[in-house]
Structures are given as C-alpha cells and as structure tokens.
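Q: I'd like a close look at the aromatic rings in this one: how they pair up and what surrounds them. Walk me through it slowly, and throw in the charged side chains once the rings are done.

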Amino acid sequence: MVSDSVLEIFNAMKVRKACTPEEAKKRRKAVVFCLSPDKKRIIPEEGREFLVGDCGEKIIDPYKHFVEMLPCDDCRYALYDCTYETKESKKEDLVFIFWAPDEAPLKSKMIYASSKDAIKKKFTGIKHEVQANNKADIKDRCTLAEKLGGNIVISVEGMPL
C-alpha cells in the first residue's frame, strides 16, 4: 500500500503552476521512498529529499547529490524532477527511479519489485522510468539522457553531455 504522504508529495511535484522564484525554491527536486518498518506501506524516507532552492546554494550538482542519497545496500523508489535541454527546447520532467542495487538482500529486492506496480499506478503521467542496479547504471548523466530522449538531449541539469 502506498501511504497518502507519498501521493501528496507526487502531486505537489508534478504540478508546475506559475509561482514566484521564492515559491519555486520550496519545490522538491528529489525524494526517496522506502518501505515502512513492517514492510506493508511505501513511505517517504526521512531526510532523503532536497528542494529546488538547495540547488546552487548548498548543492552544486543536483543529480550527483541525488545519486549519493541512494543506499548502496538496499532498494528504494525515487522521484527526480529533471531539468534538461533538447535541441529544440528546455524541459522539466519527473523521472521515476527503481533502485535495486546488486548488494541488496534478495528478500528486499523481491518485496520492492513486487510493490513497484502499486507505487507506479499512483504516479499517473510519469513519462520516464529508470531501473538501476548499481551506481554505475545511473551516476552518468548520459544514461539518464538516454531515458529522457536519447541523442536529442544536449544537457542535463544545465551540464552539457
């Protein structure tokens, strides 16, 4: 079961209404989700999110910071609000990430894999999904760019590919 707070976070992240620069800074840039201690609900992982306003002030490279938030030895789900540029225009899209590192316990991989559909059904309108099994799979912006549109993507988070 997906907790209501996960849905609230998703809905807040996907709505891109016009707002002041100060309001925009309070939007979430990335959030990591985990299973509750009883393994029955998907919940936001405490302390595993950062805001658009943190980028540039505290965080120089938001994508790298996001990748570092993922644990090396357990599975997670995540939403990442990616800013990228194609040859035609600048874009912003939410990316759903299923993180299942090779080092994670088999039981954890099985539970997360079987719960993935539940969270994905709640995340209506997500165009991009990444499944990663080690940091090498996702630390490179080119891998993310491939999922976002392949060779038409020329930069991710303002950094050229």
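A: One cut-off up front: a residue is buried if its relative accessible area is under 20%, exposed if over 50%, and partly exposed in between, using a 1.4 Å probe and protein chains only. Also, this is a predicted model, where local features need pLDDT of at least 70, side-chain atom pairs count only at pLDDT 80 or more, and totals for chains, interfaces and linings use all residues. Numbering starts from 1 along each chain as its sequence is written, and side-chain values use heavy atoms, with hydrogens and water left out.

A bit of context first. The protein chain has six helices and seven strands, and these are DSSP runs numbered from the N terminus: H or I of at least four residues for helices, E of at least two for strands. Reading from the N terminus, the order is α-α-β-β-α-β-β-α-β-α-α-β-β. The chain is as compact as a globular protein of its length, because its radius of gyration of 15 Å is close to the 15 Å that the globule rule gives for 161 residues. That radius is taken over C-alpha atoms, and the rule is 2.2 Å times the number of residues to the power 0.38. Buried residues account for 43% of the 161. Contact here means heavy atoms within 4.5 Å; of the contacts between residues at least 6 apart in sequence, 64% join residues at least 24 apart.

Now the rings. A pair of aromatic rings is described by the distance of the centres and the angle of the planes. Rings of Phe, Tyr and Trp (the six-membered ring for Trp) pair up if their centres lie within 6.5 Å; planes under 30 degrees apart are stacked, over 60 edge-to-face, and the rest tilted. That rule gives nine aromatic pairs. One of them is stacked: Phe 10 and Phe 123, at 4.6 Å centre to centre with 25° between the planes. Phe 10 sits in helix α1 (residues 4–14) and Phe 123 in the loop between α4 and β5 (128–132), so this pair ties together parts that are 113 residues apart in sequence. Phe 10 counts as buried at 1% relative accessibility, and Phe 123 does too, with 3%.

For an edge-to-face case, go to Tyr 63 and Tyr 80, with 5.4 Å between centres and 75° between planes. Tyr 63 belongs to helix α3 and Tyr 80 to strand β3 (residues 76–86), so to speak a link between distant parts of the chain, 17 residues apart. Both ends are tucked away: Tyr 63 is buried at 3%, and Tyr 80 is buried with a relative accessible area of 0%.

Zooming out, Phe 10, Phe 33, Tyr 77, Phe 96, Phe 98, Tyr 112 and Phe 123 form one aromatic cluster. A charged residue touches this group. Lys 116, in helix α4 (residues 106–122), is in contact with Tyr 77, Phe 96, Phe 98, Glu 129 and Gln 131, leaving aside neighbours within four places in sequence. Lys 116 counts as buried, at 16% relative accessibility.

That brings us to the charges. A salt bridge is a side-chain nitrogen of Lys or Arg within 4 Å of a carboxyl oxygen of Asp or Glu, and the whole structure has 11 of them. In one, Arg 27 and Glu 92 meet at 3.1 Å, N to O. Arg 27 lies in the loop between α2 (21–25) and β1 (28–35) and Glu 92 in strand β4 (residues 90–99), so the bridge ties together parts 65 residues apart in sequence. Arg 27 counts as buried at 19%, while Glu 92 is partly exposed at 35%.

Asp 61 and Arg 141 make another, with their closest N and O atoms 2.6 Å apart. Asp 61 lies in the loop between β2 (42–51) and α3 (62–69) and Arg 141 in helix α6 (residues 141–148), so this one ties together parts 80 residues apart in sequence. Asp 61 and Arg 141 are both buried.

Glu 129, one of the contacts of Lys 116, also bridges to Lys 120 at 2.5 Å, N to O. Lys 120 is partly exposed at 35%, and Glu 129 is partly exposed at 26%. Elsewhere, salt bridges with shared partners join Glu 45, Arg 48, Asp 74 and Arg 76 into one network.
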